[in-house]
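Biologist: I would like to go through this one with you and ask where each label comes from. Could you show it to me, please?

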Amino acid sequence: MTQTLTAENLFRSAYENRYTWDSDFPGYSCDITLKSKEGTFTAQAKIGADLKFEISGIEDGPVKKAMEQQLWEITIHRVNHSFEKSHGDNTFSFGDKDENGTVEILVGGASEGNRYKVKDNNVCFVYRRMGKGIVAINTFGLLNTDQGYLSTGYDSVYLDAETLQPRGPKTVFNDTFENVDGYYVLTNRTITTEENGEPVTTEYQFSNVVLG
């Protein structure tokens, strides 16, 4: 007997198809280089097996904080939270479906008002309330591995929760990953946004990656 595909099952499958680090992840160290309009800065980074991280070789200040923000972004997206832990208090229903096969998933329950889009067993759009704002993330590039997918190109914009108007310019991310001894690791990220109507690009390079 064929089981009817529910919105929860569709979203769960895509959620569980994300690439995450497993329980044997040993952590890694690397060099980190930040290239921005302020100049080029280098430091050393370490992510532990427990996904705690640290930056060394650079003094405290905005550059170090920017590097730490990147390590936070890296680890938060590789942690393997179960579907029940992340979405156990939510309900799901189908929204719109377009001609390309993209299916909208509407969220109720604890996270009511959030919504996602799923295509080819990947989450390709996120619309999620964060504090007093809303973040909308559209994915346009993917790396499919035999252990799940990684987003390699995406843009994000923050919206005012009341007016739904942008609170700043759109930010575009392009990521490169490499397989290091069985674990996919971010090795390059370029971030492009706008300042005074002009594009501004910041690049992070993660090199000399050593596991353990």
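**Strands, turns and labels**

Modeller: Happily! Let me start with strand 7 (residues 122–130) and strand 8 (residues 133–145), which run antiparallel and are joined by six bridges. Keep in mind that this is a predicted model.

Biologist: Why are strand 7 and strand 8 called a pair?

Modeller: Two strands pair if DSSP finds at least two bridges between them. Strand 7 and strand 8 have six bridges, so they qualify as a pair. One partnership to look at is F125 with N138 in strand 8.

Biologist: What makes strand 7 and strand 8 a hairpin, and what is the phi of G131?

Modeller: The hairpin formed by strand 7 and strand 8 has two residues between the strands. G131 sits in that turn and has a positive phi of about 65 degrees.

Biologist: How do you know that strand 8 also pairs with strand 9?

Modeller: The same test applies, with its minimum of two bridges. Strand 8 and strand 9 (residues 148–160) pair in the antiparallel sense over 12 bridges, so the requirement is met. Within this pairing, A136 stands opposite V157 in strand 9. Strand 8 and strand 9 form a hairpin too, with two residues between them.

Biologist: Let's turn to a helix. Where is W72 found, and why does W72 count as partly exposed?

Modeller: W72 is in helix 2 (residues 62–78). Buried means under 20% relative accessible area and exposed means over 50%. W72 has 40% relative accessibility, so it falls in between and counts as partly exposed. As for its surroundings, the C-alpha atoms of W72 and E54 are separated by 9.8 Å, and the two residues are 18 apart along the chain.

Biologist: Now the whole protein. How do you know that its radius of gyration agrees with a compact globule?

Modeller: A compact globule with 212 residues would have a radius of gyration near 17 Å, and the protein has 18 Å, so the two agree. Along the principal axes, its C-alpha atoms fill a box of roughly 60 × 45 × 30 Å.

Biologist: How many helices and strands does the protein have, and what share of its residues is buried?

Modeller: There are three helices and 12 strands. Buried residues make up 41% of the 212 residues.

Biologist: And what about the surface and the charges?

Modeller: The protein exposes about 12100 Å², with carbon and sulfur atoms supplying 47% of that area. It carries 20 positive and 31 negative side chains, and the centres of the two sets lie 3 Å apart.

Methods:
Residues are numbered from 1 along each chain as its sequence is written. This is a predicted model: local features need pLDDT of at least 70, side-chain atom pairs count only at pLDDT 80 or more; totals for chains, interfaces and linings use all residues. Side-chain values use heavy atoms; hydrogens and water are left out. Helices (H or I, at least four residues) and strands (E, at least two) are DSSP runs, numbered from the N terminus. The radius of gyration is taken over C-alpha atoms; the globule rule is 2.2 Å times the number of residues to the power 0.38. Buried means under 20% relative accessible area, exposed over 50%, partly exposed in between (1.4 Å probe, protein chains only). Accessible areas come from the Shrake-Rupley method with a 1.4 Å probe; for residues, only the protein chains shown count as cover. Lys and Arg count as positive and Asp and Glu as negative; His and the chain ends are not counted. The place of a charge is taken as NZ of Lys, CZ of Arg, CG of Asp or CD of Glu.
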